Amino acid sequence: MIQFRREWITNIEMMQQEVNRLLDYFSGSKPPTIRFSSRVWEPAIDLYETDDALIVTVELAGVRESEMEIQVERNTFTIRGERRKPLPAGGRGAYFQMEIASGPFERTITLPMAIDAAGARASYGDGLVEVILPKVKEKRTVRVEVKASQKTTD
């Protein structure tokens, strides 16, 4: 049978009290005033349907057309690129808040229906990219007529 000396148990109890005090301190303190975003951010996307197309609107203020790439497949939409931070002429002072994401971005969404990727069109203005994705016009259901076969007797 293993026996513990009483002083070890006392030391462990003291360490537990110190950890609890430290956790109480951190839970009661204010969050940092500066928050940094992750390396890859995701722009906001709206997706809606018209009679003949799906429309994807992506919020990308400050991103040049040459810095974005759009890929469209039958039921997947992907946009990627990079937003660069502009450098002011006088340099930057100390930050108090940083919320505007910059750096590389990527966003992929699954489309609710098949689209005609070859007919996709995109435009960019006022910080918004609008992509028009025409719906597939082919019929999905095909009626197959069943004909009676003639039996041959041997």
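These legends describe close-up views of a predicted model.

**View 1. Four strands make an open sheet.**
The strand order is 1-2-7-6, and the pairing is antiparallel. Strand 1 (45-49) and strand 6 (121-125) stand at the edges. Each has a single partner strand, so one side of each lacks a neighbour in the sheet. On average, neighbouring strands of this sheet are turned by 15° against each other, direction ignored. In a regular strand, side chains alternate between the two faces of the sheet.

**View 2. Strand 1 pairs with strand 2.**
Strand 2 covers residues 53-59. The two strands run in the antiparallel sense and share 5 bridges. Which residue of strand 2 stands opposite glutamate 49? It is leucine 54.

**View 3. Tyrosine 48 sits in strand 1.**
Is tyrosine 48 buried or partly exposed? Its relative accessibility is 40%, so tyrosine 48 counts as partly exposed. Leaving aside residues up to four places away in sequence, tyrosine 48 touches Ala53, Leu54, Ile55, Thr57 and Glu130. Leu54, one of these contacts, is also the residue opposite glutamate 49. Proline 112 is 64 residues from tyrosine 48 along the chain. The C-alpha atoms of tyrosine 48 and proline 112 are separated by 9.9 Å.

**View 4. A hairpin joins strand 3 to strand 4.**
The connection runs through 3 residues. Strand 3 spans residues 68-72, and strand 4 spans residues 76-83. They pair in the antiparallel sense over 5 bridges. Valine 72 has phenylalanine 77, in strand 4, as its bridge partner.

**View 5. A salt bridge links glutamate 69 and arginine 80.**
The closest N and O atoms of this pair are 3.2 Å apart. Glutamate 69 lies in strand 3 and arginine 80 in strand 4, so the salt bridge ties together parts that are 11 residues apart in sequence. Both strands belong to the hairpin of View 4. Glutamate 69 is partly exposed, at 37% relative accessibility. Arginine 80 is partly exposed too, with a relative accessible area of 23%.

**View 6. Arg64, Glu67, Glu82 and Arg84 form a salt-bridge network.**
The structure holds 7 salt bridges. Among them is the pair of glutamate 67 and arginine 64, with the closest N and O atoms 3.6 Å apart. Which side of this pair is buried, and which is exposed? Glutamate 67 has a relative accessible area of 18%, so it counts as buried. Arginine 64 is exposed, because its relative accessible area is 51% and the exposed class starts over 50%. Arginine 84 forms a salt bridge with glutamate 82, again with the closest N and O atoms 3.6 Å apart. Arginine 84 is partly exposed, with a relative accessible area of 47%. Glutamate 82 is partly exposed as well, with a relative accessible area of 29%.

**View 7. Leu22, Tyr25 and Phe26 make a nonpolar surface patch.**
How much area does the patch of Leu22, Tyr25 and Phe26 cover? The answer is about 370 Å². Leucine 22 is placed in helix 1, which spans residues 6-28. At 45% relative accessibility, leucine 22 is partly exposed. Leucine 22 can join such a patch because patch residues need over 30% relative accessible area.

Methods
Residues numbered from 1 in each chain as written. Predicted model: local features only at pLDDT ≥ 70, side-chain atom pairs only at ≥ 80, totals over all residues. Heavy atoms only, no water. Patch = residues over 30% accessible without salt bridge, like charges linked within 9 Å, V, L, I, M, F, W, Y side chains within 5 Å. Areas by Shrake-Rupley, 256 points an atom, 1.4 Å probe, with all protein chains shown as cover. Salt bridge = Lys/Arg side-chain N within 4 Å of Asp/Glu carboxyl O. Buried < 20%, exposed > 50% of the residue type's maximum accessible area, 1.4 Å probe, protein only. Pairing = 2+ DSSP bridges. Axes fitted to C-alpha atoms, helices over the stretch in contact; angles between N-to-C directions. Contact = heavy atoms within 4.5 Å.
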